[in-house]
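Me: I would love a close look at one part of this protein, with a bit of its surroundings for context. Could you take me through it step by step?

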Amino acid sequence: MVSKVRSFGLGGISGYEVSVECYLSGGLPHFDVVGLPDAAVKEARERVRAATKACGMTFPVSRITVNLAPADTKKAGTVYDLPVMLGILSASGDIEPLPRDAAFFGELSLTGELRPVPGALPMALSAGRSGVRHLFVPADNADEAAYAEDVAVYPVAHIRDLMLHLRGYEQIEPSTPREPVAQHNTSPDFSEVKGQENVKRALEVAAAGGHNVLLVGPPGAGKSMLAKRLPTILPDMSRDEMIETTEIHSVVGLTSRSNPILSARPFRAPHHTVSAPAIAGGTSNPKPGEISLAHNGVLFLDELPEFSRDVLESLRQPLEDGQVTISRATASVTYPSRFMLVCAMNPCKCGWHGHPSGRCICTESSVNRYHERLSGPLLDRLDMYVETLSLDYEQLRKHPNSEPSAVIRKRVNTARDMQRERYRGTGVSCNAHIGGKQFESFCSLSDACDKLMREAYTKLDITARSYDRIMRVARTIADLDASKSIEIPHLAEAIQYRRV
């Protein structure tokens, strides 16, 4: 007898339907799984056999063939344990044929408990699009999967609970998702920072418009300290951003029952020894890298010149396109990677080049070699260059009297709301990503501003890309001022941030 059970797999951060077909026939007992399964899928045979017997059910003594269709797509992971077990039980007549509008996925323990699997939300979203109305998932995945619309998600803790539900004895109640509420980090706070008003202003502008920033200054000036406070002033996430970000983190197993959805913008800070595949994504079964995990958030690279050249150059295309495509022999997947790049570096190898104390011991050629680790095209993709100066003794002794992060974040949220309303329906949410018609419509200049921009373009040897960056930053500064048009002070401040 042949049975079919609907299930789902993962391709990148998108789910796709998998039909689990089970065939029982005469002959010597044998259990085979076909349809390009990996080692984890093949090992489902022993988990299914043990879990079936542990739950007091009879495992059929016959030749069992399980096909995972489409058979030309590689299947990975432990998500097919549950549908394989149900397919065998249905084919052997132990349970009634399963409803066509129901789907199942989950990993089995040897005792029949269901364990969580990565990628529950993408698979649940795909289930809703595929016409599935009843989705049975491990209990630890249910809160996450329940954020998918148009599908009822049933949490299954043990196979016995599922058998009772399918036989109509004890019904499992579907999960009801909590409406996600935007959250943000509250510590460390900007009010604790002494001095550095120019850097705090620059980070406020960057947060309001989603701009990329490079902080340059000597050791101990506070570059890393300020960057790590950036999450406390980032704008609130929209529901769509939460769902999209959670999909990426779910694929790599970074969600949990206690944290089913990401409601705060991610802040990723990889060490400078990170490899290019870890940044962009990779392995034989391509997984998201750091730039995708930072989607809708911040990627912070401290000690920028210490990163390897191939790591830094791998950032160039995602910074422009907002996505990264990973190609392997077995698959090619595209991950979103729309993030704020925040970098910090010293002006030279010893860190003191240009400092009034004269402590720098680097030669001119050494300084040049240090700077040459960063390519011109990469630097051109950064919107703002901010000098971070050392504090003198008097500044250090003063009690900090800075604005708290909550006050700054309120201004950032107001500016970002203006941008969302301005670009509604265009797929753009902030000034850093505008282009084409939006750029021409909302970044127009008066005659006085045009004259200032012309002078800066000539004297500073600005490239066409740098011109675009200046205009976008100026548009953000105008938004923070609640100005409908870009004025001379807005443009002058934006030009100042392009001085290397």
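Is Phe442 buried, partly exposed or exposed? Please start there, look closely at the ring and its partners, and then set that part in the context of the rest of the model.

Reply: Happy to. One caution before the details: this is a predicted model, and everything below is computed from it.

Phe442 has a relative accessibility of 30%, so this residue counts as partly exposed. Its ring pairs with that of Tyr423 in an edge-to-face arrangement, with 5.6 Å from centre to centre and 80° between the planes. Because Tyr423 sits in the loop between α17 (405-422) and α18 (437-442) while Phe442 belongs to helix α18, the pair ties together parts that are 19 residues apart in sequence. Tyr423 has a relative accessible area of just 1% and is therefore buried, whereas Phe442, at 30%, is partly exposed. The cut-off that separates the two partners is 20%, since buried means a relative accessible area under that value.

Phe442 has a charged neighbour as well. Arg422 lies over the face of the Phe442 ring, at 5.8 Å from the ring centre. A second arrangement of this kind involves Arg359, whose charged end sits over the ring of Trp352, 3.8 Å from the centre.

How does the ring pair fit into the wider picture? The whole structure contains six aromatic pairs. Another of them is made by Phe104 and Phe136, whose rings are stacked, with their centres 4.9 Å apart and 15° between the planes. That pair also links distant parts of the chain: Phe104 is in strand β5 (residues 102-104) and Phe136 is in strand β8 (residues 134-138), 32 residues apart. Phe104 has 0% relative accessibility and so counts as buried; Phe136, at 4%, is buried too. Ring pairs also bring in Tyr154, which joins Phe104 and Phe136 in a cluster.

If you follow the chain on from Phe442, a backbone detail is worth a stop. Asp461, in the loop between α19 (447-459) and α20 (464-480), has a positive phi, near 50°, although the residue is not a glycine. Most residues other than glycine have a negative phi, and most peptide bonds are trans. With a relative accessible area of 64%, Asp461 is exposed. Leu36 also has a positive phi, near 60°. Leu36 is placed in the loop between β3 (30-34) and α1 (39-42), and its relative accessibility of 44% makes the residue partly exposed.

The peptide bond between Ala69 and Pro70 is cis, with omega about 5°. Pro70 is part of the loop between β4 (63-69) and α3 (81-91).

At the start of the chain, strands β1 (residues 2-11) and β2 (residues 14-25) run antiparallel and are joined by ten bridges. Gly11 faces Ser14 of β2 across the hairpin. Two residues lie between these strands, and Gly12 takes a positive phi near 70° in that hairpin.

The cysteines are quickly told, as the structure holds zero disulfides. For Cys55, the nearest cysteine sulfur is that of Cys22, 17 Å away, and Cys55 is in no disulfide. Cys55 is buried, with a relative accessible area of 13%. Cys362 is in no disulfide either, and its nearest cysteine sulfur, that of Cys350, is 3.7 Å away. The cut-off explains why this pair is not counted: a disulfide needs the two sulfur atoms within 2.5 Å.

Finally, the overall frame. The protein has 500 residues, 52% of which count as buried, and its secondary structure comprises 21 helices and 18 strands. Along the principal axes, the C-alpha atoms fill a box of roughly 85 × 45 × 45 Å. Among contacts with a separation of 6 or more, 73% are between residues 24 or more positions apart. The exposed surface comes to about 22400 Å², with carbon and sulfur atoms supplying 50% of it.

To return to your starting point: Phe442 is a partly exposed residue that pairs edge-to-face with Tyr423 and has Arg422 over the face of its ring.

Notes. Residues are numbered from 1 along each chain as its sequence is written. This is a predicted model: local features need pLDDT of at least 70, side-chain atom pairs count only at pLDDT 80 or more; totals for chains, interfaces and linings use all residues. Side-chain values use heavy atoms; hydrogens and water are left out. Rings of Phe, Tyr and Trp (its six-membered ring) pair if their centres lie within 6.5 Å; planes under 30 degrees apart count as stacked, over 60 as edge-to-face and the rest as tilted. Helices (H or I, at least four residues) and strands (E, at least two) are DSSP runs, numbered from the N terminus. Buried means under 20% relative accessible area, exposed over 50%, partly exposed in between (1.4 Å probe, protein chains only). A charge sits over a ring if NZ of Lys or CZ of Arg is within 6 Å of the ring centre and within 35 degrees of the ring normal. Two strands pair if DSSP finds at least two bridges between them. Contact means heavy atoms within 4.5 Å. Accessible areas come from the Shrake-Rupley method with a 1.4 Å probe; for residues, only the protein chains shown count as cover.
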